[in-house]
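Here is a short briefing to read alongside a protein structure. Take a moment to look over the sequence and the model before you start on the points.

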Amino acid sequence: MGMTVHHRDQALVLRRIPFRETSLVIHFFTRQRGVLTAMARGIRSRKQPDRAALAGFHSLTIFTQARSSQAMSTLRGAEIDRGRNRLPSLPLAASVAQLMLEIVYRFFPIGDPHPEYFDAFEEIFDLLERDQPPFSVLAYGQGLALQALGYGWRMDSCAGCQHNQEIAYFSIRRGQVVCASCGAAYAHRLHKLSENMAKAMEQLEWPGGYDLLSKSERKRLYEIGRASLLQ
């Protein structure tokens with residue numbers, strides 16, 4: 001008989017799937033262990049105090065146990081570390097938050113931790129809770145996810161000449177910056193970049209990168225995020 005393994009993790013809820021009459025199978029995004037599946041037995045019972053913690057977009061501390069490192073975990077408890085009670089009542093922001101959760105669920109391998117992305121993900125939710133422009137936040141979140149998965153925006157050199165001087169535009173089709181010389185003839189279909197905006201997209205720092213941007217720069221980032229989704 002194997003030894004029971006106990007874990008304590010920082011977590012966000014990705015999905016909740018009903019199981020039988022009173023239980024849930026819950027997919028978490030955890031800071032220490034990446035995507036994790038756990039059985040929450042009896043959690044749908046009205047007497048369960050952890051039920052409210054597992055609803056919405058809260059940052060949690062969860063307590064799980066499993067009979068081995070390979071077995072499905074059982075959820076033993078959940079506590080709210082950082083509540084986000086306003087976010088579910090903001091329809092567009094909540095949709096963006098749900099889309100970001102779906103990206104993690106679909107593309108991040110089970111058991112593959114990304115602690116830096118987890119930290120940034122919490123900041124994404126905080127920005128949405130503060131009612132920041134949802135598509136601007138989504139554009140950042142997409143960039144972070146692509147980076148964590150080994151892809152991402154190319155900010156180091158121009159898509160045309162491969163140099164990194166006088167970067168002035170961003171190409172949605174190439175996912176790469178374009179310099180002023182190469183982009184001049186195509187400016188009507190490229191997205192103009194300011195120095196602050198290029199720096200924020202390159203570093204993807206949270207929340208500092210976002211706070212560098214002016215209102216007009218956030219509007220441009222909104223346009224990039226929207227165009228990326230359409231592409």
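What follows is a guided look at the fold, the strands, the core and the salt bridges.

This is a predicted model, so please keep in mind that confidence cut-offs apply to its local features, which need a pLDDT of at least 70. The protein has 231 residues, and buried residues make up 48% of them. Its secondary structure comes to seven helices and eight strands.

**The whole protein**

- The protein exposes about 12,700 Å², and carbon and sulfur atoms supply 48% of that area.
- Take the contacts between residues at least 6 apart in sequence: 54% of them join residues at least 24 apart.

**Strand β1 and its partners**

- Strand β1 covers residues 5–19, and it is a good place to begin exploring.
- With strand β2 (residues 23–30), β1 pairs in the antiparallel sense over eight bridges.
- One pair to look for is R15, which stands opposite H27 in β2.
- β1 and β2 form a hairpin with three residues between them; in this turn, R20 has a positive phi of about 55°.
- β1 also runs antiparallel to strand β4 (residues 59–66), and seven bridges join the two.
- Here V5 has A66 in β4 as its bridge partner.
- A handy general point as you follow any regular strand: side chains alternate between the two faces of the sheet.

**The largest nonpolar core**

- Which residues touch the most other members of the largest nonpolar core? They are F29, V104, Y117, F121, F125 and L128, out of 29 residues in this core.
- The elements giving two or more residues to the core are strand β1 together with the helices α1 (91–107), α2 (115–129) and α3 (134–148).
- F29 is worth clicking on: leaving aside residues up to four places away in sequence, it touches residues including Q10, A11, L12 and L14.
- Other contacts of F29 include V104, Y117 and F121, and these three also appear among the core residues that touch the most other members.

**Salt bridges**

- Side chains of opposite charge can pair when their charged atoms come close.
- How many salt bridges does a search of the whole structure find? The answer is eight.
- E102 forms one of them with R15, where the closest N and O atoms are 2.6 Å apart.
- This pair links distant parts of the chain, as E102 lies in helix α1 and R15 in strand β1, 87 residues apart.
- E102 counts as buried because its relative accessible area is 19%, under the 20% cut-off.
- R15 is partly exposed, because its relative accessibility of 29% falls between the cut-offs of 20% and 50%.
- R15 and E102 also belong to a network of salt bridges that includes R106.
- D126 forms a salt bridge with R82, and their closest N and O atoms are 2.5 Å apart.
- D126 in helix α2 and R82 in strand β5 (residues 73–82) are 44 residues apart, and their pair links distant parts of the chain.
- D126 is buried at 17% relative accessibility, whereas R82 is partly exposed with a relative accessible area of 32%.
- D156 and R154 meet through their side chains in a salt bridge of 3.3 Å, N to O.
- Both partners here are partly exposed: D156 has 46% relative accessibility and R154 has 38%.

Definitions and conventions: Residues are numbered from 1 along each chain as its sequence is written. This is a predicted model: local features need pLDDT of at least 70, side-chain atom pairs count only at pLDDT 80 or more; totals for chains, interfaces and linings use all residues. Side-chain values use heavy atoms; hydrogens and water are left out. A nonpolar core is a set of buried Ala, Val, Leu, Ile, Met, Phe, Trp, Tyr and Cys residues joined through side-chain atoms within 4.5 Å. Buried means under 20% relative accessible area, exposed over 50%, partly exposed in between (1.4 Å probe, protein chains only). Helices (H or I, at least four residues) and strands (E, at least two) are DSSP runs, numbered from the N terminus. Contact means heavy atoms within 4.5 Å. Two strands pair if DSSP finds at least two bridges between them. A salt bridge is a side-chain nitrogen of Lys or Arg within 4 Å of a carboxyl oxygen of Asp or Glu. Accessible areas come from the Shrake-Rupley method with a 1.4 Å probe; for residues, only the protein chains shown count as cover.
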